Amino acid sequence: MTTFVDRVELHVAAGNGGHGCASVHREKFKPLGGPDGGNGGEGGSVILVVDSQVTTLLEYHHSPKRKATNGKPGAGGHRTGALGPDIVLPVPDGTVVLDRQGNVLADLVGHGTSFVAAQGGRGGLGNAALASARRKAPGFALLGEPGEARDIVMELKSVADVALVGYPSAGKSSLISVLSAAKPKIADYPFTTLVPNLGVVTAGETVYTIADVPGLIPGASQGRGLGLEFLRHVERCEVLVHVLDCATLEPGRDPLTDLETIEDELAQYGGLEDRPRLVALNKVDVPDGQDIADLTRASLEERGYRVFEVSALAHKGLRELSFALAEIVAAARAAKPVEESTRIVLRPTAVDDAGFTIEEEDGAYRIRGGKPERWVRQTDFANDEAVGYLADRLARLGVEQELWKIGAKEGDTVIIGPDENAVVFDWEPTMAAGAEMLGRRGEDHRMETQRPAVDRRRERQRGRDAAEQEYLDFEALSSGREQLDQ
Ligand SMILES: Nc1nc2c(ncn2[C@@H]2O[C@H](COP(=O)(O)OP(=O)(O)OP(=O)(O)O)[C@@H](O)[C@H]2O)c(=O)[nH]1
Ligand SMILES: [Mg+2]
């Protein structure tokens with residue numbers, strides 16, 4: 001059974017925000033009780049958090065869909081809807097989060113580092129919160145917003161200071177087993193190690209981690225053997241150790257040729273050129289092994305490698321090797337700027353909430369922007385008052401003015417948001433509150449039959465009246481209220 005998984009695709013969905021409530025307080029002998037509809041609760045988010053106890057992404061391999069609960073709607077009597085609880089997903093240290101296109105969304109290093117993979121939808125404001133000095137009894141509330149949903153890919157790049165590379169059966173796992181307390185599987189057949197092993201080494205003052213990767217063979221870059229896939233786990237290391245087998249009986253192999261082969265494969269993988277390298281000539285306990293080590297040492301040193309003769313079996317040369325590695329690791333840590341050792345977290349989407357854009361397309365005007373699109377999502381289009389409120393918000397943002405400026409005329413089609421969520425209006429320039437809704441989100445207004453002109457005019461007039469009232473209301477709004485609205 002698989003126990004180690006280092007790449008998974010995961011679908012994460014946050015909870016929707018609960019709708020705000022439109023309600024009027026009722027009490028005996030108090031007919032005008034005022035609005036008392038509470039706000040909707042926020043939907044739960046899906047959050048990834050590094051947990052150093054977790055070493056594999058296995059759990060997500062088994063259940064690749066995670067959905068947080070929705071927020072509850074608000075209720076009368078100023079009752080706020082319950083929050084949808086967040087879902088916290090523990091992931092191993094060194095998990096990289098990507099989108100389907102392979103763009104890195106977050107690189108999670110360090111216990112406790114977190115990343116919001118899907119943001120819960122905000123709850124809608126209830127009519128109590130929408131009330132103001134002039135708008136005493138709003139007959140509408142805002143809708144909760146949908147939670148984010150997306151597909152992500154998680155890849156584990158182990159966080160080890162030292163990485164052992166070499167042919168299968170060179171003794172990489174054996175070395176880990178004697179340098180650290182880890183007990184990886186060791187056997188005399190190739191590809192014993194199928195997934196990286198990790199061990200912790202203490203050398204003097206320095207404590208560092210050491211990892212091996214499945215053995216490499218010529219052509220690994222073309223997918224031979226287990227291929228180069230696992231080299232991802234050595235990408236973060238500070239130093240590479242070539243484990244060279246001095247006792248191999250395979251024809252055509254000797255430590256020098258092996259080293260060249262492995263270097264070729266590393267070069268194919270790329271990105272590891274700048275990492276310092278040491279050489280461990282292993283298995284010098286075998287009589288021939290020592291001879292071969294003696295023969296190769298000079299050529300290796302000529303090429304600039306520091307060479308250590310070791311035996312995992314006879315525990316020879318281990319101290320020297322582990323202290324040399326500790327020195328390099330300590331130096332690398334000292335040289336690192338402080339912030340780099342903490343964390344890098346990227347937010348899922350940069351929220352540009354400031355403004356909006358208007359583009360002309362096929363005789364229609366398309367408005368895009370964080371606020372307008374959010375406001376549309378919050379609007380209950382079955383409620384005239386709510387639509388009027390939306391129109392006022394848009395006018396206040398300057399959408400109205402901008403449309404004028406670029407030459408929009410009465411009756412022109414105005415579209416808000418991207419195609420799949422677009423709302424289509426006939427523009428009514430007197431005051432945007434008169435904006436007439438021809439299509440709702442997700443519907444194509446062109447498919448709808450037109451309503452009779454009389455009907456439309458009457459609606460428009462009603463809109464104007466409402467607009468006038470709304471306009472007065474807004475003049476009186478304090479800046480505090482303004483913030484709450486947005
Ligand atoms: N004589 C001798 N044998 C060793 C030494 N180190 C490892 N071996 C043997 O070599 C074989 C392979 O060792 P592993 O540690 O499994 O080798 P590996 O590099 O991890 O191999 P893969 O996981 O297949 O890539 C085992 O039979 C070990 O007992 C050593 O220092 N001396
Ligand atoms: Mg091994």
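**Note on helix 3, its surroundings and the sheets**

1. In helix 3, the buried residues are K172, S173, S174, L175, I176, S177 and L179. That is seven of the eight residues of the helix, which is thus mostly covered. The model is a predicted one, and the remarks below should be read with that in mind.

2. What covers helix 3? Its buried residues pack against strand 9 (162–165), strand 10 (197–203), strand 11 (206–212), strand 12 (239–245) and helix 6. The partners of helix 3 therefore include four strands and a helix, and two of these strands, 10 and 11, return in point 4.

3. Helix 3 (residues 172–179) packs with helix 6 (residues 318–335) at an angle of about 85 degrees, and the two axes are 11 Å apart. Because angles from 65 to 115 degrees count as roughly perpendicular, helix 3 is roughly perpendicular to helix 6. L175, V178 and L179 make the contact from the side of helix 3, and L318, L321 and S322 from the side of helix 6. Sorted by class, this contact has five nonpolar residues, one polar residue and no charged residues. Two of the helix 3 residues named in the contact, L175 and L179, also appear among the buried residues of that helix. An α-helix has 3.6 residues a turn, so residues three or four places apart point the same way.

4. Strand 10, one of the elements against which helix 3 packs, has two unlike faces. N197, G199, V201 and A203 make up the covered face, while L198, V200 and T202 make up the uncovered one. In a regular strand the side chains alternate between the two faces of the sheet. Strand 10 runs antiparallel to strand 11, and seven bridges join the two. Within this pair, G199 of the covered face stands opposite I210 in strand 11. Strands 10 and 11 form a hairpin with two residues between the strands, and in it G204 takes a positive phi near 60 degrees.

5. A second helix pair can be set beside the pair in point 3. Helix 8 (residues 370–377) and helix 9 (residues 384–397) pack at an angle of about 175 degrees, with 10 Å between their axes. Since angles over 145 degrees count as roughly antiparallel, helix 8 and helix 9 are roughly antiparallel to each other. From helix 8 the contact draws on K371, P372, W375 and V376; from helix 9 it draws on L390, R393, L394 and L397. By class there are six nonpolar, no polar and two charged residues in this contact.

6. Five strands form an open sheet in the order 3-1-8-5-6, and the pairing is mixed. Strand 3 (65–67) and strand 6 (104–108) are the edge strands, each pairing on one side only. On average, and with direction ignored, neighbouring strands of this sheet are turned by 25 degrees against each other. Strand 1 (residues 7–13) and strand 8 (residues 149–156) run antiparallel and are joined by seven bridges. A13 stands opposite A149 of strand 8.

7. Another open sheet has three strands in the order 4-2-7, again with mixed pairing. Its edges are strand 4 and strand 7 (114–118), each of which pairs on one side only. Here the average turn between neighbouring strands is 30 degrees, direction ignored. Strand 2 (residues 46–50) runs parallel to strand 4, with five bridges between them, and V50 stands opposite V91 in strand 4.

8. Where does G76 lie? G76 is in the loop between strand 3 and strand 4 (87–91), strands that appear as edges in points 6 and 7. Is G76 buried or exposed? Its relative accessibility is 18%, so G76 counts as buried, the limit being under 20%. Neighbours within four places in sequence aside, G76 is in contact with C21, S23, D36 and G37. The C-alpha atoms of G76 and G38 are 6.0 Å from each other, although the two residues are 38 residues apart along the chain.

9. For the chain as a whole, there are 12 helices and 19 strands. Of its 486 residues, 51% count as buried. Among contacts with a separation of 6 or more, 71% are between residues 24 or more positions apart. The chain exposes about 23800 Å², and carbon and sulfur atoms supply 52% of this.

Definitions and conventions:
Residues are numbered from 1 along each chain as its sequence is written. Chains are lettered from A and ligands numbered from 1 in the order in which they are written. This is a predicted model: local features need pLDDT of at least 70, side-chain atom pairs count only at pLDDT 80 or more; totals for chains, interfaces and linings use all residues. Side-chain values use heavy atoms; hydrogens and water are left out. Axes are lines fitted to C-alpha atoms, for helices over the stretch in contact, and angles run from 0 to 180 degrees between N-to-C directions. Angles under 35 degrees count as roughly parallel, over 145 as roughly antiparallel, 65 to 115 as roughly perpendicular and the rest as oblique. Contact means heavy atoms within 4.5 Å. Ala, Val, Leu, Ile, Met, Phe, Trp, Tyr, Cys and Pro count as nonpolar, Asp, Glu, Lys and Arg as charged, and the others, Gly among them, as polar. Two strands pair if DSSP finds at least two bridges between them. Buried means under 20% relative accessible area, exposed over 50%, partly exposed in between (1.4 Å probe, protein chains only). Accessible areas come from the Shrake-Rupley method with a 1.4 Å probe; for residues, only the protein chains shown count as cover.
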